[in-house]
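Dear colleague,

Please find below the structure that I am handing over to you. My findings follow directly after it.

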Amino acid sequence: KRHMAILYSDGKVVYIPPLHGQTKCNLTDAEASVEWGEYDCQIVVGTWTKSGKIVNLTKYNDNSHITTEDLESNSPLFFTKESFTSDPLTTTFYDCCPDVPYLSLKFNFRVQRNYIMTPDGMKKNPNPRPAFQPNKPTMGRLRSSVEKTTSPIILTVICLLLKL
């Protein structure tokens with residue numbers, strides 16, 4: 001199989017792997033309705049087999065959130081204000097190799113439904129939470145491999161939640 005990568009003149013390589021993933025999201029409030037409740041979700045992206053000495057995993061444009069620019073503006077789900085409140089970039093050292101860093105990006109976020117489709121048509125959320133508002137990146141429109149790989153994951157999260 002062929003996999004695409006982008007090689008920049010400064011030596012940076014952005015690898016854009018094909019990805020299909022799922023994540024389990026939990027209702028934040030047991031009293032809330034399953035239909036309109038807010039859900040806690042987490043996605044972890046890392047190499048698992050290559051150390052930080054081989055793969056320098058970083059946040060693109062220093063963003064601590066998942067981009068949704070490529071998703072439909074009428075998505076049935078949205079990130080709520082309580083999303084992406086911590087730095088996702090983590091470094092872990094293991095007992096076997098205390099001088100070798102292993103990097104990962106751990107995105108914690110919350111989602112809520114904008115609407116559901118019923119036999120009578122679209123039913124809008126009667127009590128939506130405030131939406132997450134990301135800081136605008138300072139650089140151009142280029143996106144990182146992390147952003148490229150996490151947008152399909154979000155689509156999967158949306159599909160899973162729609163089955164609730």
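I66 is buried, at a relative accessible area of 2%. In this predicted model, the residue sits in the loop that joins β4 and β5. Its C-alpha atom is separated by 9.9 Å from that of I43, a residue 23 positions away along the chain.

I66 also belongs to the largest nonpolar core, which holds 16 residues. Which members of this core touch the most other members? They are C41, I66, F79, F84, F107, F109 and V111. Two or more residues each come from β4 (38-46), β5 and β7 (97-113), and β7 gives the most, with five. In soluble globular proteins, nonpolar side chains tend to be buried together.

F84 deserves separate mention. Like I66, F84 is among the core residues that touch the most other members, and its place is likewise in a loop, here the one between β5 (77-79) and β6 (89-94). F84 is not a glycine, yet its phi is positive, at about 55°. Is this residue buried or exposed? Its relative accessible area is 10%; because the cut-off for a buried residue is under 20%, F84 counts as buried.

F84 further helps to line a cavity. Rolling a probe the size of a water molecule over the atoms shows where empty space is left. A search of the whole structure returned two cavities of 30 Å³ or more. The second largest of them contains about 30 Å³ of space. Its lining consists of S64, F84, T85, S86, P88, K106, F107 and N108. By class, four of these residues are polar, three are nonpolar and one is charged. F84 and F107 therefore appear both in this lining and among the core members with the most contacts to other members, where the core is a set of buried residues joined through side-chain atoms within 4.5 Å.

For the overall picture, the protein has nine strands and one helix. Along the sequence, the order is β-β-β-β-β-β-β-β-β-α. Of the 164 residues, 35% are buried. Among contacts with a separation of 6 or more, 71% are between residues 24 or more positions apart. The exposed area of the protein is about 10900 Å², and carbon and sulfur atoms supply 53% of that area.

Yours sincerely

Key
Residues numbered from 1 in each chain as written. Predicted model: local features only at pLDDT ≥ 70, side-chain atom pairs only at ≥ 80, totals over all residues. Heavy atoms only, no water. 1 Å grid on protein atoms, 1.4 Å probe; cavity = no way out; pocket = protein on both sides within 12 Å on 5 of 7 lines; lining within 4 Å. Points joined across faces, edges and corners; volume = space filled by probe spheres on them. Nonpolar A, V, L, I, M, F, W, Y, C, P; charged D, E, K, R; others polar. Helix = DSSP H or I, 4+ residues; strand = E, 2+ residues; numbered from the N terminus. Buried < 20%, exposed > 50% of the residue type's maximum accessible area, 1.4 Å probe, protein only. Contact = heavy atoms within 4.5 Å. Areas by Shrake-Rupley, 256 points an atom, 1.4 Å probe, with all protein chains shown as cover.
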